[in-house]
Amino acid sequence: MKHLPHILASLIVVALLSPAGASAATTQIGQAPPTGIANACDADSAHVQDRSGADVTYVVPSDGVITKWKTQGGTGTGKMALGVYTPTNANLSYIPRAESKAKKIKPEIKNKFKTHIPVHAGEVIGLHVVSGNPDCRYYTGSNDDQDDAMTPAPPVGPTPQSYGFAQVGRRLNVAAVIK
């Protein structure tokens with residue numbers, strides 16, 4: 001009890017010195033790999049990260065807003081959009097709920113984009129390859145990783161879609177920041 005006044009005083013000082021916006025935490029999900037290891041994807045395809053190893057998640061942990069996303073440009077070029085998908089109870093089935101504007105992917109650099117997409121806990125990020133053959137995924141060789149794909153890419157809307165082309169041992173080449 002005799003240390004209580006000192007502890008309270010320390011907490012007050014910390015609270016007063018903390019920036020006002022410090023409570024807005026950010027979380028990164030997904031992974032944009034190092035250059036040179038990504039694989040090209042077909043135009044007009046949609047990809048959802050069904051599962052990934054323990055070191056990275058593509059699942060939105062809590063409600064918030066995606067404010068930025070990035071992808072590693074490889075040798076393939078084209079346009080991609082960040083997608084947000086709601087899982088359903090059916091295997092390999094998702095509802096394409098939201099999508100960023102399509103962005104031109106520059107080769108061999110980290111491509112970073114601003115966006116504003118409200119998200120909910122449990123949703124999953126993915127990619128819509130709009131045109132060309134940009135590098136949208138990379139090979140890990142792990143059975144813990146699986147990219148589910150669909151061609152042609154479905155429109156955003158309330159209808160569940162089957163992403164039946166499962167690619168085990170692959171991760172999507174995308175990371176997003178949630179506030």
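E123 and R97 form a salt bridge in this predicted model, with their closest N and O atoms 2.4 Å apart. The pair links distant parts of the chain, since E123 sits in the loop between β8 and β9 (124-132) and R97 in strand β6 (residues 93-99), 26 residues apart. E123 is buried, with a relative accessible area of 4%, whereas R97 is partly exposed at 29%. Across the whole structure, 5 salt bridges are found.

**Salt bridge between D55 and R171, and its network**

- D55 and R171 meet through their side chains in a salt bridge, with an N to O distance of 2.6 Å.
- D55 belongs to the loop between β3 (45-51) and β4 (64-72), and R171 to strand β14 (residues 170-172), so this salt bridge ties together parts that are 116 residues apart in sequence.
- The two partners are unlike in burial: D55 has a relative accessible area of 62% and is exposed, while R171 has 6% and counts as buried.
- R171 counts as buried because its 6% relative accessibility falls under the 20% limit.
- D145 joins the two, as D55, D145 and R171 are linked in a network of salt bridges.

**Salt bridge between D50 and R51**

- The side chains of D50 and R51 form another of the salt bridges, at 3.9 Å from N to O.
- D50 is partly exposed, with 28% relative accessibility.
- R51 is also partly exposed, with a relative accessible area of 34%.

**Positive surface patch**

- K68, K110, K112, K114 and K179 make up a positive patch on the surface.
- Strand β8 (residues 110-119) supplies the largest share of this patch, 3 residues.
- K112, one of the patch residues, is located in strand β8.
- K112 counts as exposed because its relative accessibility is 64%, and the exposed class begins over 50%.

**Surroundings of I105**

- I105 is placed in strand β7 (residues 103-105).
- With 2% relative accessibility, I105 counts as buried.
- Apart from neighbours within four places in sequence, I105 is in contact with T71, G73, T77, G78, M80, N111, F113 and P134.
- I105 and K70 are separated by 35 residues in sequence, and their C-alpha atoms lie 9.9 Å apart in space.

**Surroundings of S142**

- S142 is found in the loop between β10 (135-139) and β11 (146-150).
- S142 is partly exposed, at 25% relative accessibility.
- This class follows because 25% lies between the limit of 20% for buried residues and that of 50% for exposed ones.
- When residues up to four places away in sequence are not counted, S142 touches V168 and G169.
- The C-alpha atoms of S142 and V168 are 7.4 Å apart, with the two positions 26 residues apart in sequence numbering.

Conventions:
Residues are numbered from 1 along each chain as its sequence is written. This is a predicted model: local features need pLDDT of at least 70, side-chain atom pairs count only at pLDDT 80 or more; totals for chains, interfaces and linings use all residues. Side-chain values use heavy atoms; hydrogens and water are left out. Patches are made of residues with over 30% relative accessible area and no salt bridge: like charges are joined within 9 Å, nonpolar side chains (Val, Leu, Ile, Met, Phe, Trp, Tyr) within 5 Å. Accessible areas come from the Shrake-Rupley method with a 1.4 Å probe; for residues, only the protein chains shown count as cover. A salt bridge is a side-chain nitrogen of Lys or Arg within 4 Å of a carboxyl oxygen of Asp or Glu. Lys and Arg count as positive and Asp and Glu as negative; His and the chain ends are not counted. The place of a charge is taken as NZ of Lys, CZ of Arg, CG of Asp or CD of Glu. Helices (H or I, at least four residues) and strands (E, at least two) are DSSP runs, numbered from the N terminus. Buried means under 20% relative accessible area, exposed over 50%, partly exposed in between (1.4 Å probe, protein chains only). Contact means heavy atoms within 4.5 Å.
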